[in-house]
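Me: I'd like to go through this one by asking why things get the labels they get. Can you walk me through the reasoning?

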Amino acid sequence: MSTSVPRLVVAAPSSGSGKTTVATGLMAAFTARGLAVSPHKVGPDYIDPGYHALATGRVGRNLDAYLCGPELVAPLFLHGAAGCDLAVVEGVMGMYDGAAGEGELASTAHVAKLLRAPVVLVVDASSQSRSVAALVHGFVSWDPEVRVGGVILNKVASDRHEELLREALESAGVPVLGVLRRVAQVDTPSRHLGLVPVAERRAAAVEAVAAMAAQVSAGCDLEALVGLARSAGALSCAAWDAAGALASSPPPPLPVPSPGAAPPDPRLRPEEPRPRTPDGLRVAVAGGSAFTFSYAEHAELLTAAGAEVVPFDPLRDERLPDGTRGLVIGGGFPEVYASELSANEPLRKAVAALAESGAPVAAECAGLLYLCRELDGRPMCGVLDADARMSERLTLGYRDAVAVSDSVLAVAGTRMRGHEFHRTVVEPGAGAAPAWGVRTPVRRVEGFVQRGVHASYLHTHWASEPGVARRFVERCRTS
């Protein structure tokens, strides 16, 4: 089959050039014109999609060729863009920057090629004039398979500055599709892991997105940008679907027997998945301002596996949702809300009791911190025999991982790819039964597996291994 959705990829020569302002502004401006806009972000970033969702009224989705594999980028894109008039994809870092040591893998350029999408290059022109032509020429000619359809000049100082930039770019043969002046109200606050999430500053974020839309509408040729989006090539693949992904994913491998043990009985291999309908099996998913990091596909896979996904806010709710059989606690900023999380003692006790009962609990990064005894000296849930604290050191990067211990998510030996992004330390870094063995490039083990708990710093994308969701729900059903 062949599918075509008009689409643009917003890229830049480097971080800080204004990709988020331009991409979010375009999403909001096109939405204001009555178009159904599908928002996407290249890479593992959780924060920018929140602004994208605010701009479009649709779920912001990630496209990560490292976490999910290049083969899933286009299907996941089509899944998110279903029923939309236009899609805008915000890039990551510089256009050709990808996974360290992996060439173009997971770069904005790589994703643009996988999507057969034209690129709009956002250039910070604040400290240059004629040199902009050399910069743009370099990015246009570096990889002939990447089609740069136009340039948006950002942080332009004056009309005279704009005149000089346009004159220089005539020689580069790339059309100027927009010119943006520096506007202070478009700036969004940042802290130790990037922009402050929408959930923590919703009213201010609404104003910021509106300002981005106004600036982009005034400074960009929206008609030309729509025309460029419509020039994108057709994609010859089917859209990703959670139920279909579960049905086509193989059963998880059997655990590796210990030396001298009898070989496993092949009759015990898990049955092929069957379509299920929700049967009251509730999986509680942490949200609110402290836990804002999640991929939309995780909830979709849990639902397709037969669970009823129920959100709750650990900052406000004093108990887990009624009938909770499993718990998912994703990433976020518990270190910012340590006092409030600690003060909610009833919920901390409820989480500890659920874990003690053997119910499945999947915790990533912020969830790992929440399950520790303490975070920066403040009592947390006490599920894990470990303490967490803030650190000056940023831990950041993609990871190749292998499951070390059988858990509610995977059997030992299951390989997945993940991403670490934190300024905290957990001591010890691994339990008696570690969650993952990772290469960073130094080989180490990290995380905790105990009873039904799987807690780790590693962020993973379950679309790459749908059996994770199926296994988790099955354990909820039988625990």
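**Labels and their reasons**

Reply: Sure. Let's start with a helix pair: α1 crosses α2 in the right-handed sense. Keep in mind that this is a predicted model.

Me: What makes that crossing right-handed?

Reply: A crossing gets that label if the near helix is turned clockwise from the far one by less than a right angle. The axes of α1 (residues 19-32) and α2 (residues 48-56) cross at roughly 20 degrees and come within 8 Å.

Me: And why is α1 called roughly parallel to α2?

Reply: Angles under 35 degrees count as roughly parallel. The crossing is at roughly 20 degrees, so α1 is roughly parallel to α2.

Me: Which residues make the contact?

Reply: From α1 you get Thr 20, Thr 24, Met 27, Ala 28 and Thr 31, and from α2 Asp 48, Tyr 51, His 52, Ala 55 and Thr 56. Sorted by class, that's four nonpolar, five polar and one charged.

Me: Does α2 touch anything else, and what would that be? Which strands does α2 pack on?

Reply: Start with the sheet itself: seven strands, open, parallel pairing, in the order β3-β2-β4-β1-β5-β6-β7. The twist from one strand to the next averages 25 degrees. α2 packs on this sheet and touches β2, β3 and β4, with its direction at about 170 degrees to that of β2.

Me: What makes β3 and β7 edge strands?

Reply: β3 (61-63) and β7 (176-181) each have a single partner strand, so one side of each has no neighbour in the sheet. For β7, the strand β6 (residues 148-156) pairs with it in the parallel sense over four bridges. Pairing takes at least two bridges, so four is enough for β6 and β7 to count. In that pair, Val 156 sits opposite Arg 181 of β7.

Me: How do you know that the other sheet is open too, and what is its order?

Reply: Its order is β11-β10-β12-β13-β21-β20, an open sheet of six strands with mixed pairing. The ends are β11 (308-312) and β20 (448-450); each has a single partner strand, so one side of each is left free of a neighbour in the sheet. On average, neighbouring strands here are turned by 15 degrees against each other, direction ignored.

Me: How do you know that β10 and β12 are paired?

Reply: They share four bridges in the parallel sense, β10 being residues 282-286 and β12 residues 324-329. The bar is at least two bridges, so the pair qualifies. One of the bridges joins Val 285 to Val 328 in β12. Helix α14 (residues 467-478) packs on this sheet, touching β10, β12 and β13 (361-364), and its direction makes about 145 degrees with that of β12.

Me: Now the rings. Why are Tyr 46 and Phe 293 called stacked?

Reply: The whole structure has seven aromatic pairs. For Tyr 46 and Phe 293, the centres are 4.9 Å apart and the planes are at 5 degrees. The limits are within 6.5 Å for a pair and under 30 degrees for stacked, so both tests are passed and the pair is stacked. Tyr 46 is in the loop between β2 (37-42) and α2, and Phe 293 in the loop between β10 and α10 (296-304), so the pair ties together parts 247 residues apart in sequence.

Me: What makes Met 93 worth a look?

Reply: Met 93 has a positive phi of about 50 degrees although it is not a glycine. Most residues other than glycine have a negative phi. Met 93 is in the loop between β4 (86-90) and α4 (108-115).

Me: And which residues does the cis peptide bond join?

Reply: Glu 427 and Pro 428, with omega at about -5 degrees. Pro 428 is in the loop between β17 (415-427) and β18 (436-439).

Definitions and conventions: Residues are numbered from 1 along each chain as its sequence is written. This is a predicted model: local features need pLDDT of at least 70, side-chain atom pairs count only at pLDDT 80 or more; totals for chains, interfaces and linings use all residues. Side-chain values use heavy atoms; hydrogens and water are left out. Helices (H or I, at least four residues) and strands (E, at least two) are DSSP runs, numbered from the N terminus. Axes are lines fitted to C-alpha atoms, for helices over the stretch in contact, and angles run from 0 to 180 degrees between N-to-C directions. Contact means heavy atoms within 4.5 Å. Angles under 35 degrees count as roughly parallel, over 145 as roughly antiparallel, 65 to 115 as roughly perpendicular and the rest as oblique. Ala, Val, Leu, Ile, Met, Phe, Trp, Tyr, Cys and Pro count as nonpolar, Asp, Glu, Lys and Arg as charged, and the others, Gly among them, as polar. Rings of Phe, Tyr and Trp (its six-membered ring) pair if their centres lie within 6.5 Å; planes under 30 degrees apart count as stacked, over 60 as edge-to-face and the rest as tilted.
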